[in-house]
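Here is a guided walk through one protein model, taken a region at a time. Keep the viewer open and follow along as we go.

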Amino acid sequence: MTTVGIATGAGRGMGEACARRLADQVDVLLLVDRDEAGAAAVAKDLNEAGHRATAEPFALDVTDREGLARLATRVTELGTLRAVAHAAGISPTMADWRRIFEVDLVGTALLAEALRPLATEGTAHVYFASMSPLLARVEPTPEVAAILDDPLQSDFLDRIREAVGPDIENSALAYPWAKHGVHRFARKEAVRLGPVGARACSLSPGIIDTPQGRQEAAQHASMQKLIDATPLGRTGHSDEVATVVAFMLSDEASFLNGIDILVDGGVYAAVRDR
């Protein structure tokens with residue numbers, strides 16, 4: 001049996017770090033990224049390094065249904081889906097509120113929808129969320145939660161805007177709401193996949209030293225305050241996150257399901273009761 005892994009956002013940052021970890025856990029690894037050249041460069045490097053997996057770049061925007069269908073077809077051509085590290089996403093300074101929801105929450109749901117028929121015993125998914133919903137204390141009403149739990153509705157964006165209110169148009173607020181939706185989605189996907197022996201979890205990074213993280217820090221002074229409050233006294237590294245992802249996707253984590261793992265150096269523990 002040829003095992004297939006997928007790492008999204010694999011052209012740089014935490015997605016690339018996840019790809020490098022997964023390269024020794026599967027036989028074929030698809031490196032998904034909008035940046036085809038970035039994914040191709042990582043694939044070339046992995047293949048030259050002699051890892052177990054054959055790495056293959058796959059140009060894709062995770063909001064593209066047709067592209068996701070092609071991804072699912074490619075997995076089927078190659079073998080059996082074993083591991084999915086979904087790190088692709090955007091942060092508050094990168095887009096407006098609609099695009100943040102489209103990529104971070106709707107894109108997660110679209111990817112899961114496309115790959116769900118391929119799940120089998122031992123398949124595992126990890127969807128990247130964030131510590132931001134915890135810090136922002138996002139607590140939806142039952143009505144708002146019901147909308148968040150159905151992100152593939154054609155009028156989802158209009159419904160969530162009406163339910164939460166105009167403040168959601170602030171990208172800094174849209175981001176924690178979208179990532180809270182990912183937390184909820186992972187729990188529900190775990191229930192959907194469980195009967196075939198497959199798993200789904202989410203992972204919430206803290207402040208990680210990536211190009212995207214540095215861009216956010218340059219525009220939000222509050223991030224330095226969080227770094228200063230982190231018990232470990234520093235930002236995290238992409239590989240530290242990827243190591244946790246690799247464990248979550250491994251057979252050693254075979255009973256880990258439907259939960260979010262917080263990888264934040266302890267900052268939430270330090271500030272949660274303030």
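**A pocket, a kinked helix and some neighbours**

The second largest pocket encloses about 160 Å³ of space. Its lining is made up of 18 residues, and those closest to the centre are Arg234, Thr235, Gly236, Asp264 and Gly265. Please keep in mind that this is a predicted model. Which helices help to build the wall of this pocket? Helix H10 (222-229) and helix H11 (238-249) each give at least two residues to the lining. As for chemical character, nine of the lining residues are nonpolar, six are polar and three are charged.

Now turn to helix H4, which covers residues 97-115. From the first C-alpha to the last, the 19 residues of H4 reach 26 Å, close to the 27 Å expected at 1.5 Å a residue. If you follow the axis of H4, you will come to a kink of about 40°, centred on Val106. H4 is also mostly covered, with 14 of its 19 residues buried.

Our next stop is helix H8 (residues 171-193), where you will find Arg184. Is Arg184 buried or exposed? Its relative accessibility is 17%, and because buried means under 20%, Arg184 counts as buried. Leaving aside residues up to four places away in sequence, Arg184 touches Pro140, Ala145, Leu148 and Asp149.

Two of those contacts of Arg184, Ala145 and Leu148, have numbers that fall within helix H6 (residues 142-148), the helix that also holds Glu143. Glu143 has a relative accessible area of 56%, so it counts as exposed, the cut-off being over 50%. Where does the chain come back towards Glu143? Look at Ala163: this residue is 20 residues apart from Glu143 along the chain, and their C-alpha atoms are separated by 7.8 Å.

Finally, step back to the loop between helix H5 (132-135) and H6, where Arg137 lies. What is notable about the backbone here? Arg137 has a positive phi of about 55°, although it is not a glycine. Most residues other than glycine have a negative phi, so this spot merits a look in the viewer. With a relative accessible area of 48%, Arg137 is partly exposed, because this class lies between the 20% limit for buried and the 50% limit for exposed.

Notes: Residues are numbered from 1 along each chain as its sequence is written. This is a predicted model: local features need pLDDT of at least 70, side-chain atom pairs count only at pLDDT 80 or more; totals for chains, interfaces and linings use all residues. Side-chain values use heavy atoms; hydrogens and water are left out. On a 1 Å grid over the protein atoms alone, a cavity is a set of points where a 1.4 Å probe fits but cannot get out, and a pocket is an open set with protein on both sides within 12 Å along at least five of seven lines; lining residues have an atom within 4 Å of a point. Grid points are joined across faces, edges and corners, and a volume is the space filled by probe spheres set on the points. Helices (H or I, at least four residues) and strands (E, at least two) are DSSP runs, numbered from the N terminus. Ala, Val, Leu, Ile, Met, Phe, Trp, Tyr, Cys and Pro count as nonpolar, Asp, Glu, Lys and Arg as charged, and the others, Gly among them, as polar. The expected span of a helix is 1.5 Å times one less than its number of residues. The bend at a residue is the angle between axes fitted to the seven residues ending there and the seven starting there. Buried means under 20% relative accessible area, exposed over 50%, partly exposed in between (1.4 Å probe, protein chains only). Contact means heavy atoms within 4.5 Å.
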